[in-house]
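Colleague: I would like to go through this structure with you and ask how each label was earned. Shall we begin?

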Amino acid sequence: MSKQYYLMAQLPDFSVNSDKSVLPVTYEYFDNLCRRFLTKEEISVLDGLSLEPERTESKTGSSFVDAWNANERELRFALGQIRALRMKKKFDTASVSVGQDIVQVARTATGMESPLAAERYLNDYRLSVIEKLRPMDSFCADYVFYYGLKLLLAQRMKKFDEEKGLASYHKIYDGILEEEGNL
């Protein structure tokens, strides 16, 4: 029987969009548990697991993580391009080709008045990407990485606070306008 079976059997199921304030496990716990069961190569992939992939494409050794990174990279380039156009600034897309569906997601998110609503929308989109890419075999290394990304996304969203976020948004936005001499 595979080591991933024993690993996954120890991890509780959870929902990213749950209203519960506490997740059943932390990413730190997940990471420490994984190190007991995964190979060196798989741990290397785990160490590179991120919601913010590098700007340049690189192979990780996991088809699931590579697909996630490619999709998230395209989304970030699309968001950056749209935001730069609105601010009349240049943005280097590094010649990345972005699919129309991702451009539409980025347009919808950047068109929202509330930054929190935009983040929730992007969270839902990212979750749908993770679910679409989810491996069929629940006891393979890619499924472990799927669980890790889902956990990272859930932890990130638990950090959002509407009042603090709005205050921070206005502070950053006012700072940008001051730099440009528009305030």
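Modeller: Gladly, and let us start with Tyr-121, which touches Val-105, Thr-108, Ala-109 and Met-112 when residues up to four places away in sequence are not counted. Please keep in mind that this is a predicted model.

Colleague: What makes these residues count as touching Tyr-121?

Modeller: A contact needs heavy atoms within 4.5 Å, and Val-105, Thr-108, Ala-109 and Met-112 are the residues that Tyr-121 touches by that rule. For the backbone, the C-alpha atoms of Tyr-121 and Ala-109 are separated by 6.6 Å, although the two residues are twelve apart along the chain. Tyr-121 itself is found in helix 6, residues 115-133.

Colleague: Why is Tyr-121 called partly exposed?

Modeller: Its relative accessible area is 27%. Buried would need under 20% and exposed over 50%, so Tyr-121, at 27%, is partly exposed.

Colleague: How do you know that Arg-126 is buried?

Modeller: The relative accessible area of Arg-126 is 6%, and the limit for buried is under 20%, so the label fits. Arg-126 has its place in helix 6. Leaving out residues up to four places away in sequence, Arg-126 touches Trp-68, Glu-72, Leu-75, Arg-76, Glu-119, Leu-153 and Arg-156.

Colleague: And what makes Asn-71 count as buried?

Modeller: Asn-71 has 15% relative accessibility; with the limit at under 20%, Asn-71 therefore counts as buried. Asn-71 is found in helix 4, and its contacts, neighbours within four places in sequence aside, are Ile-102, Tyr-125 and Val-129.

Colleague: Let us turn to the rings. How many aromatic pairs are there?

Modeller: Ring centres have to lie within 6.5 Å, and by this rule the count comes to seven aromatic pairs. One of them joins Phe-64 and Tyr-146, at 6.3 Å centre to centre and 80 degrees between the planes.

Colleague: Why is the pair of Phe-64 and Tyr-146 called edge-to-face?

Modeller: Planes over 60 degrees apart count as edge-to-face, and the planes of Phe-64 and Tyr-146 are 80 degrees apart, so the name follows. Phe-64 lies in helix 4 (residues 63-86) and Tyr-146 in helix 7 (residues 141-158), so the pair ties together parts that are 82 residues apart in sequence. Both Phe-64 and Tyr-146 are buried.

Colleague: What makes the pair of Tyr-143 and Tyr-146 tilted?

Modeller: The angle between the planes is 50 degrees, with 4.9 Å centre to centre. Stacked needs under 30 degrees and edge-to-face over 60, so the pair of Tyr-143 and Tyr-146, at 50 degrees, is tilted. Tyr-143 and Tyr-146 are three residues apart in helix 7, which separates them by about one helical turn. Both Tyr-143 and Tyr-146 are buried.

Colleague: Which residues do ring pairs link into a cluster?

Modeller: Phe-14, Tyr-27, Phe-30 and Tyr-147.

Colleague: How do you know that Lys-150 lies over the face of Phe-14?

Modeller: Lys-150 is at 5.1 Å from the ring centre of Phe-14. The distance limit is 6 Å, and the direction must also be within 35 degrees of the ring normal. The distance of 5.1 Å is within that limit, and Lys-150 is listed as lying over the face.

Colleague: Why are the buried residues of helix 3 said to be on the same side?

Modeller: In helix 3 (residues 40-47), Glu-42, Ile-43, Val-45 and Leu-46 are buried. They cover an arc of only 155 degrees around the axis, which puts them on the same side of helix 3. On the other side, Lys-40 and Glu-41 are exposed. The cover over the buried residues of helix 3 includes helix 1 (3-9), helix 2 (27-37), helix 4 and helix 7.

Colleague: Which residues touch the most other members of the largest nonpolar core?

Modeller: Phe-30 and Phe-145, in a core of 46 residues. Helix 7 gives the largest share of this core, eleven residues. Neighbours within four places in sequence aside, Phe-30 is in contact with Leu-11, Leu-46, Val-144, Tyr-147, Gly-148 and Leu-151.

Colleague: To finish, how many helices and strands does the chain have?

Modeller: Eight helices and zero strands. Of the 183 residues in the chain, 39% are buried.

Notes. Residues numbered from 1 in each chain as written. Predicted model: local features only at pLDDT ≥ 70, side-chain atom pairs only at ≥ 80, totals over all residues. Heavy atoms only, no water. Phe/Tyr/Trp six-rings, centres within 6.5 Å; stacked < 30°, edge-to-face > 60°. Helix = DSSP H or I, 4+ residues; strand = E, 2+ residues; numbered from the N terminus. Buried < 20%, exposed > 50% of the residue type's maximum accessible area, 1.4 Å probe, protein only. Arc of directions from axis to C-beta. Core = buried A, V, L, I, M, F, W, Y, C linked by side-chain atoms within 4.5 Å.
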